[in-house]
Amino acid sequence: MDEGRRRGELRIGDPEREQVMRMLGEHLSARRLDVHEYDERCRAAADARYRRDLDRLFTDLPEPRPQRAAPARAAQHETPGRFRTLVLVGAALLGGVLLMVRVPLVLVLIVVAGVIWWGLRR
């Protein structure tokens, strides 16, 4: 069993890795890291599996540093109604535009139904 799983630590995803790479870029811009160190740390961030793997990249650096916040994707689930509303409004606008350019009603309904189906599945 993997060491991280034994300790109960959750895995990280691409949003966390990308955030860390942006922070490392800020340290590169501030000349706290040279290009070689930046490259090494970005490779380590890309290979990271657990939060502790990312934390190790900042032990000798000041702020900005990764925070122990919820994963970036978690915020998207807080407002599913907003996304659904945008999908429905977008589908209605798309349908209106298609009707204005004289696309047959059957095709408009198929396209609008597909957009709604795709949006509500997310």
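## Report on an all-helical predicted chain

Of the 122 residues in the protein chain, 25% are buried. The model is a predicted one. The protein chain contains 6 helices and 0 strands, and from the N terminus on its elements follow the order α-α-α-α-α-α. Among contacts in the chain with a separation of 6 or more, 61% are between residues 24 or more positions apart. The accessible surface of the protein chain amounts to about 9000 Å². Carbon and sulfur atoms account for 58% of that surface.

### Helix α2 and its packing

Helix α2 covers residues 14–29 and has 16 residues. From the first C-alpha to the last, helix α2 reaches 22 Å, close to the 22 Å expected at 1.5 Å a residue. Which residues of α2 are buried? They are Glu16, Arg17, Val20, Met23, Leu24, Gly25 and His27. Against which helices do the buried residues of α2 pack? Their packing partners are α3 and α4. After α2 comes Arg31, which has a positive phi, near 65°.

### Salt bridges

Over the whole structure, 5 salt bridges are found. Three of the pairs are set out below.

| Pair | Closest N to O distance |
|---|---|
| Asp39 and Arg43 | 3.0 Å |
| Arg41 and Asp60 | 3.0 Å |
| Arg52 and Asp53 | 3.5 Å |

The pair Asp39 and Arg43 lies within helix α3, residues 35–47. Because these two residues are 4 positions apart in that helix, about one helical turn separates them. Their side chains meet in the salt bridge at 3.0 Å, N to O. Asp39 counts as partly exposed, since its relative accessibility is 33%, whereas Arg43 counts as exposed at 55%.

Arg41 and Asp60 also form a salt bridge, with the closest N and O atoms 3.0 Å apart. This pair links distant parts of the chain, 19 residues apart. Arg41 belongs to helix α3, while Asp60 is in the loop between α4 (51–55) and α5 (80–100). Are the two partners buried or exposed? Arg41 has a relative accessible area of 14% and is therefore buried, being under the 20% limit. Asp60 has a relative accessible area of 51% and is therefore exposed, being over the 50% limit.

Arg52 and Asp53 form a further salt bridge, in which the closest N and O atoms are 3.5 Å apart. Both Asp53 and Arg52 are buried. Which residues are joined into one network by salt bridges that share partners? The network consists of Arg52, Asp53 and Arg56.

### A nonpolar surface patch

Phe83, Trp117 and Trp118 form a nonpolar patch on the surface. Together these residues have about 360 Å² of accessible area. Trp117 is located in helix α6, which comprises residues 105–121. Why does Trp117 count as exposed? Its relative accessible area is 54%, which is over the 50% limit, so Trp117 is classed as exposed.

### Summary

The predicted chain has 6 helices and 0 strands. In helix α2, the buried residues pack against α3 and α4. Helix α3 contains the pair Asp39 and Arg43, and Arg41 of α3 is paired with Asp60 in the loop between α4 and α5. Salt bridges with shared partners connect Arg52, Asp53 and Arg56. On the surface, Phe83, Trp117 and Trp118 make up a nonpolar patch.

How values were computed
Residues numbered from 1 in each chain as written. Predicted model: local features only at pLDDT ≥ 70, side-chain atom pairs only at ≥ 80, totals over all residues. Heavy atoms only, no water. Buried < 20%, exposed > 50% of the residue type's maximum accessible area, 1.4 Å probe, protein only. Contact = heavy atoms within 4.5 Å. Areas by Shrake-Rupley, 256 points an atom, 1.4 Å probe, with all protein chains shown as cover. Patch = residues over 30% accessible without salt bridge, like charges linked within 9 Å, V, L, I, M, F, W, Y side chains within 5 Å. Salt bridge = Lys/Arg side-chain N within 4 Å of Asp/Glu carboxyl O. Expected span 1.5 Å × (residues − 1).
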